[in-house]
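Biologist: I have the sequence and the model open on my screen, and I'd like a close look at one part of it. Pick a charged residue, start there, and then walk me outward to the rest.

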Amino acid sequence: MDAAPPVSGEAPELEKKLEAVKLETEKTEAPQPANDASGSSKGSSVAASLREKPAGVLKTPIVDPVETSIPGTPTELTPEQEEKYAALLEIVKSWKEIPSTKGKEGPIIFGFDIEARPCLYLNPGRQNTEPSPRQVQHLVFMVERVVNLMVPGQETLALLINFKSSKSRSNTAPGLGQGKEVLNILQTHYPERLGRALIINIPWVVTAFFKLITPFIDPLTRQKLKFNDDMRQHVPPQQLWNEFHGDLEFEYDHEVYWPTLMKLCEEKHKEQHERWVKGGKHYGESENYIKGGSAPSVGSKVAAAPEEKTIPPAVPAPEPVAESLRYPSNGKTIYHRPLNRSRTQELSQASFAYLFGEMVSYAQKRVTGIQDLEKRLNVQGHPIGLKLLDMLLYREPPRTQTRPLNIIALLQFITTVLWRHLFSRPADALEKSSNPETPEEYMISDNEPVVNQYISVPKEMNQLNCAAFVAGIVEGVCDGAGFPARVTAHSVGKGEEGELWPGKTVFLVKFQPEVVEREAYLAKN
């Protein structure tokens, strides 16, 4: 848990640099933001001096987010995740020592986004070194420094990447091997640390790179990537670097920025270490507690554990009925879970890809053409939609637990609730046909259907779209809700080089005439 020190052998030089930095040593009484619960930071020389805005271009890090930046509500753990966390915590608390890390300069840490995440800037166009393992080491070192600067209640970071080329470097795309290595490190050793990745000025080379590396990206991580979005919608303009379309002028001066950042991180680490010692020196301590938040120390939970009375389990562990059948250690199977609690995904993406591939192969052996194959996939998805409608409505809160009563309410339910349940994200677009002769047609867009990602379609069947299975699910939901419709899947991606969404699919929902007539009658009355 020790903060990474500067490069070994450079301590005297670093001290000289720190002496050259003009920081006031007197304690100030600058007001703290609402989301900075650190009491000792108020009077600290480095943090208090950095809170004073200098005249001209800024050359030092930003200590606090703006007052309107509030950390989002953390996701509640499921009972299964709670059990895994408790087991992991017991292992961590048994550790006697943790190895320290060493590093040196790397990307820029600067400002906070609208949810108080520290911003880590990457500017490949300004890179003046060749790809090497040291670049990866620098990135890991800076991720550790970002963790030092996180405010209480926020445990994720915002990654801002500008792939704009420069005179010295036209190709800003990293190598595939280096990209896989960085992804492996972040996904394995820093799970759920990435809160948002904002990527702008993407050339076709980088687009091709992302296409190659997408299969290696975790599905949850992929949802956090935003390409060519308006940065000002994610980061307050007053704390956004003007090179990333912000209002703040910042100039990187290594002799000023680097020693100041190291001194600030060292100060933050010292405060967090003092709280860790005060809490009982527990490995696996609550990050919110260490940073001055309202969460209690893990030590207080350990002290209170012996006083708690052991409650016998309400349901005894069932005995195995066969030697080949195994039960979980807690004696509960999937059948013990209530319907309104199993909200998380139950199947990995690799398992889904294998099972869905087998479904397509099974249907392909008994068809005469592409239309027949898509029809069979549609039929396979229809009963799933009928059952999902009842289950998802049952899980809705009591105040919204009603069936959709009009077309718009039904389609909004499909594009939000149903899509989030199936793909952990809403649909990308919902549109109504602009043709006055077809008022019964609506279109749901999905930029990257998961059912098409691992299906290899031969050239002679390039018109096949396996998202017909999803169209069948949507059709089942419409029929079950009393809005009979015909739903088909259509590929609209052109597959051209550099295209952002080559696999984009539009689901055409065509309601029956009686549905449109009923809708018009209800609108008049």
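Modeller: Let's start at R425, which is buried, with a relative accessible area of 18%. Keep in mind as you look that this is a predicted model. R425 counts as buried because 18% falls under the 20% cut-off. What does the side chain of R425 meet in a salt bridge? The partner is D428, and the N to O distance comes to 3.6 Å. D428 sits in another class: at 38% relative accessible area it is partly exposed. So this pair joins a buried arginine to a partly exposed aspartate. As a general point, side chains of opposite charge can pair when their charged atoms come close.

Now for the other salt bridges. A search of the whole structure turns up ten of them, including the one you just looked at between R425 and D428. Go to R403 and D390, whose side chains meet with 2.6 Å from N to O. This pair ties together distant parts of the chain: R403 is in the loop between α12 and α13 (407-423), D390 is in helix α12, and they are 13 residues apart. How accessible is R403, buried or partly exposed? R403 counts as partly exposed, with 38% relative accessibility, and D390 is partly exposed too, at 42%.

For a contrast, try K291 and E287. Their side chains form a salt bridge with an N to O distance of 3.1 Å. K291 counts as buried, since its relative accessibility is 6%. E287 has a relative accessible area of 19%, so it goes down as buried as well. There is also a network of salt bridges, and it links D113, E115 and R117.

That network is a handy route to A116, in the loop between β1 (108-112) and β2 (118-122). A116 isn't a glycine, yet its phi is positive, near 65 degrees. Its relative accessibility is 0%, so A116 counts as buried. N228 has a backbone angle of that sort as well: its phi is positive, at about 55 degrees, although N228 is not a glycine. You'll find N228 in the loop between β5 (225-227) and α8. Unlike the buried A116, N228 is partly exposed, with a relative accessible area of 47%.

Follow the chain on into α8, which covers residues 254-278 and holds L261. This leucine is buried, with a relative accessible area of 0%. What does L261 touch, leaving aside its neighbours within four places in sequence? P61, I109, M142 and L149 are its contacts. L261 also lies 7.5 Å from T60, C-alpha to C-alpha, even though 201 residues separate them in sequence. That fits a wider pattern: among contacts in the protein with a separation of 6 or more, 72% are between residues 24 or more positions apart.

S165 gives you another loop to look at, this time between β3 (157-162) and α5 (176-189). At 44% relative accessibility, S165 counts as partly exposed. Its C-alpha atom is 9.6 Å from that of I202, and the two residues are 37 residues apart along the chain.

Let's come back to charge, out on the surface. Which residues form the positive surface patch? They are K365, R366, K375 and R376. Take R366 as your landmark, in the loop between α11 (349-364) and α12 (370-395). R366 is partly exposed because its relative accessible area is 42%, which lies between the 20% and 50% cut-offs. Helix α12 is also where you met D390, the partner of R403.

Finally, zoom out. The protein has 525 residues, and 40% of them count as buried, R425 among them. About 31,000 Å² of the protein is exposed, with carbon and sulfur atoms supplying 54% of that area. As for secondary structure, the tally is 15 helices and nine strands.

Definitions and conventions:
Residues numbered from 1 in each chain as written. Predicted model: local features only at pLDDT ≥ 70, side-chain atom pairs only at ≥ 80, totals over all residues. Heavy atoms only, no water. Patch = residues over 30% accessible without salt bridge, like charges linked within 9 Å, V, L, I, M, F, W, Y side chains within 5 Å. Areas by Shrake-Rupley, 256 points an atom, 1.4 Å probe, with all protein chains shown as cover. Salt bridge = Lys/Arg side-chain N within 4 Å of Asp/Glu carboxyl O. Lys, Arg positive; Asp, Glu negative; His and termini not counted. Charge placed at Lys NZ, Arg CZ, Asp CG, Glu CD. Helix = DSSP H or I, 4+ residues; strand = E, 2+ residues; numbered from the N terminus. Buried < 20%, exposed > 50% of the residue type's maximum accessible area, 1.4 Å probe, protein only. Contact = heavy atoms within 4.5 Å.
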